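Ready for some practice in reading a protein structure? Take your time with the view below, then work through the exercises one by one.

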Amino acid sequence: MPDSTIDAQPTLPGVFGPLRGANGNVRITGPCGDTMEFWILIQDGRIHRCTFTTDGCSSSLACGTAACTLASGAPEAVAFELQPEDVLALLPGFPEAEKHCALLATNTLKAAISDYRKKNCPAESCASCEKECDSRKEKPVEGPVPVPPVPTQSGLSDVQKKIVVLSGKGGVGKSTVAANLAMSLAAKGFAVGLLDADLHGPSVPTLFGLSGAHAESFGDQIYPVQANGIKLMSSGFMLDHPDQAVIIRGPLKIKILEQMLHEVNWGKLDYLIVDCPPGTGDEPLSVCQLIGSPDGAVIVTTPQEIAAADVRKSIQFCRKLKLPILGILENMSGYVCPKCGETTHLFGQNGGFKTAEKYNLAFLGRIPFDPNVGLCGDAGHSYLERHGESVSAKAFETAVEQVLFALKKEF
Ligand code: ADP
């Protein structure tokens, strides 16, 4: 195969070959004539291990490997939903003509799960099992995306406090706040991690000047990238091409988020800051549920009155999840002229403050708009280090103190 993603003389991957003790197994020959066989071991609703063989070419081998990698560790229902696009998302540059191999891989995986279901049907005698038992039928997903239970052996077990940074919509400075919160806590001597859970717009690599960096993995653990004394993890460190994120679908998204939380060796941390996807939909919901029980949320907004509606949604979101709200932070709150010191309210005034008052929540302060915030972010520099004396940097620091205070009050 001409593409560099797959060797011309591939060495066999670790997931190639029969699996001893498998409780699901099937062999399928695709229309192209390639035969694939999958073995799965399902325990407690999760794919504990998944292996395969194929008599096909290296494309078939690559797709089988990708499907097994995605399925291993995933909840049974999530693995059952894997689609050829999920497999191809792991194989950038995969030749168009060979894409049927991805379909064969996901179909064979699905059939192996069905085989497990047939053998483990909860009904005593269920004639319909030949098709699919009613009690096992995949139901259309309504409402939130199904979220797997948090694994007991978690990469988060030595993390003291987990803080999620939320916003009702994108572009309000959520990632900037998350990054500066992490940098400020690290500068105070705390052991800090920052997880960029925004899969569609990962910004941590840029904010820390690490575009193109990759997270290393050893054995079954992924090691965070480190900068400014902070342990960083982002899908930007896991995907070969930034464009790949655009085509990530539900099951793969959950798998990546789960990996970034629980398969990363976070080690001992005082604080893990999680930059959540924007909004109050399935994605931030999955992140919060996968974390287990975050210790608190910081809600970021801009000061317009109109933004208050988004903040209200974020408040409802936290209340539904019983997630303590540490406070509301108003970002881009006025522009202070560096020459005359006069403040211009570019994006309205007081929206965040009034909402905090109305809902009896802590107000974490106002961060004025400062063009250096954007310049430092784009260049991967620490704004707090370079412009520590600015009004905005001081406001960031005050907000961090308020967050620490709110955390103490909360617990
Ligand atoms: P979000 O994560 O909410 O989408 P970002 O943190 O990516 O938002 O910020 C959006 C843009 O606004 C970025 O270019 C960032 O540099 C800029 N920005 C954020 N906060 C400020 C601020 N206080 N002053 C100036 N620019 C800011």
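The exercises below look at a ligand, its pocket and the cavities of this predicted model.

**Exercise 1.** Find which residues come nearest to the ligand, and sort the shell around the ligand by class.

*Solution.*
Step 1. Begin with the shell, where 15 residues surround the ligand.
Step 2. Among these residues, Gly171, Lys174, Ser175, Thr176 and Asn331 come nearest.
Step 3. Now sort the shell by class: six residues are nonpolar, seven are polar and two are charged.

**Exercise 2.** Which backbone atoms lie 2.9 Å or 3.0 Å from an atom of the ligand?

*Solution.*
Step 1. Look at the oxygen atoms of the ligand. A backbone N or O atom of Val172 is 3.0 Å from one ligand oxygen, and a polar backbone atom of Lys174 is 2.9 Å from a ligand oxygen.
Step 2. Turn to nitrogen: a ligand nitrogen atom has a backbone N or O atom of Asp370 at 2.9 Å.
Step 3. Compare these distances with the cut-off for a polar contact, which is a pair of N or O atoms within 3.5 Å.
Step 4. Finish with the cover. On its own the ligand has 560 Å² of accessible area, and the protein covers 77% of this area.

**Exercise 3.** Work out where the ligand sits and which elements surround it.

*Solution.*
Step 1. Place the ligand: its site is the second largest pocket.
Step 2. List the elements that give two or more residues to the shell around the ligand. They are helix H5 (174-187), strand E12 (325-336), strand E14 (363-369) and helix H11 (371-379).
Step 3. Describe the pocket, which holds about 410 Å³ of space. Its lining has 25 residues, and Gly173, Thr176, Asn331, Met332 and Val373 lie nearest its centre.
Step 4. Check the elements of this lining: at least two residues each come from H5, helix H6 (204-207), E12, E14 and H11. H11 supplies the largest share, five residues.
Step 5. By class, the pocket lining has nine nonpolar, 11 polar and five charged residues.

**Exercise 4.** Describe the largest cavity: what is its volume, and which residues line it?

*Solution.*
Step 1. Start with the full set, which is five cavities of 30 Å³ or more.
Step 2. The largest cavity contains about 70 Å³ of space.
Step 3. Its lining is made by Thr176, Ala179, Asn180, Met183, Leu207, Val373, Cys376, Gly377, His381 and Tyr383.
Step 4. Assign the residues to elements: H5 and H11 are the ones that give two or more residues to this lining, and H5 gives the most, four residues.
Step 5. Sorted by class, this lining has six nonpolar residues, four polar ones and no charged ones.

**Exercise 5.** Do the same for the second largest cavity, and find which element gives the largest share of its lining.

*Solution.*
Step 1. The volume of the second largest cavity is about 60 Å³.
Step 2. Around this space you will find Val177, Leu181, Val298, Leu329, Leu364, Phe396, Ala399, Val400 and Val403.
Step 3. Two elements give two or more residues here, H5 and helix H13 (391-410). The largest share comes from H13, with four residues.
Step 4. Last comes the class count: nine residues of this lining are nonpolar, with no polar and no charged residues.

Notes:
Residues numbered from 1 in each chain as written. Predicted model: local features only at pLDDT ≥ 70, side-chain atom pairs only at ≥ 80, totals over all residues. Heavy atoms only, no water. Near = heavy atom within 4 Å. Polar contact = N/O pair within 3.5 Å; in protein donor to acceptor, adjacent residues only side chain to side chain. Areas by Shrake-Rupley, 256 points an atom, 1.4 Å probe, with all protein chains shown as cover. 1 Å grid on protein atoms, 1.4 Å probe; cavity = no way out; pocket = protein on both sides within 12 Å on 5 of 7 lines; lining within 4 Å. Sits in = over half its atoms within 2 Å of the grid points. Nonpolar A, V, L, I, M, F, W, Y, C, P; charged D, E, K, R; others polar. Points joined across faces, edges and corners; volume = space filled by probe spheres on them.
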